Amino acid sequence: MANDRKRWRVEPGRLDLERVDPASTAGAPGDKATTMAQLPALSERLADLQGRLWAEGQRSLLVVLQALDAAGKDGTVKHVFSGLNPMGVHAVAFQQPGDEELAHDFLWRVHREAPRRGQVGIFNRSHYEDVLVVRVRDLVPPKVWRSRYRTIRHFEQGLVSEGTTVVKIFLHISREEQARRFRQRLADPAKRWKFSAADLEVRTKWDDYMAAYHDAISKTAEPDAPWYVVPADRKWYRNWAVSRILIETLEELDPQYPPEAPGLDQLVIE
Ligand code: AMP
Ligand code: MG
């Protein structure tokens, strides 16, 4: 079985974001055209595995997508997951918390969106925002966000023990590529709505965000709730890499169709 995902997997205690080149295409099956030509087959394979997970109805997969603005979270959801059966998918985008959410612990709104058995859950942003943007923008005291790494590890461990496979993916783009995409966004009426002036604040605090990501990833990269750092300057490579990670994860789970009811082969449909 191919093991491409190892390349992006963060080994606990060993993460150096600065050494990951966001423009890397390492391990790709070929150039852009060759790699893109493989995506439809990967999409089909993913759909088949998801169909089995859904039919089995016992376990679930949670995919956490984290990244800075314009790194491609939305694009990844759209391109990588579009072949799946929507019945078995639960996709959520976590926005700035409202009053009711803020009145609870930070996991309250997250846990209720966890996928049910058989489902693939997609978190576009997640509980990690509570140690990322919340830390950089000083929204709670350091003592509070520092305690959250442990809370997150325990929370994810709980999901895993109850049958959810947890996969966390950081889409890593460069500052230059983000600038290019922001400019494109502003120029394109179909993308302009995604731009908010607040996004520019992220650029002025780039190093703070990188430090926050470094800590978040390295403090929560657990053997059974792994992080993958995917170079994301090139969308075709990003889509290929995320597809490979998900396929290999599901292949390892090896979901099975439920056993058929006895006597089915005797039935005659008239
Ligand atoms: P977008 O993903 O572009 O729709 O933007 C969502 C915004 O909500 C981003 O600016 C996030 O940083 C922000 N956000 C998400 N979760 C939280 C959180 N827990 N606390 C503060 N801001 C958050
Ligand atoms: Mg945004």
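These legends describe close-up views of a predicted model.

**View 1. Ligand 1 and its shell of residues.**
The residues surrounding ligand 1 are D69, F94, Q95, Q96, P97, R109, R125, E129, D130, V133 and V134. By class, the shell holds five charged, four nonpolar and two polar residues. This view shows who stands around the ligand; the next shows individual contacts.

**View 2. Polar contacts of ligand 1 with Q95, Q96 and R109.**
Q95 uses its side chain: an N or O atom there is 3.3 Å from an oxygen atom of ligand 1. Q96 uses its backbone instead, with a polar atom 3.1 Å from an oxygen atom of the ligand. R109 faces a nitrogen atom of ligand 1, and an N or O atom of the R109 side chain is 3.1 Å from that nitrogen. Ligand 1 taken alone exposes 500 Å², and the protein buries 76% of this area.

**View 3. The aromatic cluster of W8, W236, Y237 and W240.**
Nine aromatic pairs turn up in a search of the whole structure. In the pair W236 and Y237, the ring centres are 6.3 Å apart and the planes meet at 85°, so the arrangement is edge-to-face. The cut-off for that label is an angle over 60 degrees. Both W236 and Y237 are buried. Ring pairs tie these two residues to W8 and W240 in one cluster.

**View 4. R112 over the ring of W108.**
Here a charged side chain meets an aromatic face. R112 lies over the face of W108. The distance from R112 to the ring centre is 4.7 Å.

**View 5. K219 over the ring of Y149.**
This view pairs a lysine with a tyrosine. K219 sits over the face of Y149, 5.6 Å from the centre of the ring.

**View 6. R135 of helix 5 and its partner D215.**
R135 belongs to helix 5. Its relative accessible area is 18%, so R135 counts as buried. The side chains of R135 and D215 are joined by a polar contact of 2.9 Å.

**View 7. H214 in helix 9.**
Helix 9 covers residues 206–220 and includes H214. Is H214 buried, partly exposed or exposed? Its relative accessibility is 27%, so H214 counts as partly exposed. L132 is 82 residues away from H214 in sequence. In space, the C-alpha atoms of H214 and L132 are 9.8 Å apart.

**View 8. A70 in the loop between strand 1 and helix 2.**
Strand 1 (60–67) and helix 2 (73–80) flank the loop that holds A70. The phi angle of A70 is near 70°. That value is positive, in a residue other than glycine. A70 has a relative accessible area of 8%, so this loop residue is buried.

**View 9. D138 in the loop between helix 5 and helix 6.**
D138 also has a positive phi without being a glycine, with a value near 55°. Its loop runs between helix 5 (133–136) and helix 6 (142–161). How does D138 stand, buried or exposed? The relative accessible area is 58%, so D138 is exposed.

**View 10. G121 in strand 3 and its distance to S60.**
G121 is part of strand 3, residues 120–124. With 0% relative accessibility, G121 is buried. S60 is 61 residues from G121 along the sequence. From C-alpha to C-alpha, G121 and S60 are 7.6 Å apart in space.

**View 11. G13 before helix 1.**
G13 lies in the segment that precedes helix 1 (32–56). G13 is exposed, because its relative accessible area is 67%. Y257 is 244 residues from G13 in sequence. How far apart in space are G13 and Y257? Their C-alpha atoms are separated by 38 Å.

Conventions: Residues numbered from 1 in each chain as written. Chains lettered and ligands numbered in written order. Predicted model: local features only at pLDDT ≥ 70, side-chain atom pairs only at ≥ 80, totals over all residues. Heavy atoms only, no water. Phe/Tyr/Trp six-rings, centres within 6.5 Å; stacked < 30°, edge-to-face > 60°. Buried < 20%, exposed > 50% of the residue type's maximum accessible area, 1.4 Å probe, protein only. Lys NZ or Arg CZ within 6 Å of the ring centre and 35° of its normal. Near = heavy atom within 4 Å. Polar contact = N/O pair within 3.5 Å; in protein donor to acceptor, adjacent residues only side chain to side chain. Areas by Shrake-Rupley, 256 points an atom, 1.4 Å probe, with all protein chains shown as cover. Nonpolar A, V, L, I, M, F, W, Y, C, P; charged D, E, K, R; others polar. Helix = DSSP H or I, 4+ residues; strand = E, 2+ residues; numbered from the N terminus.
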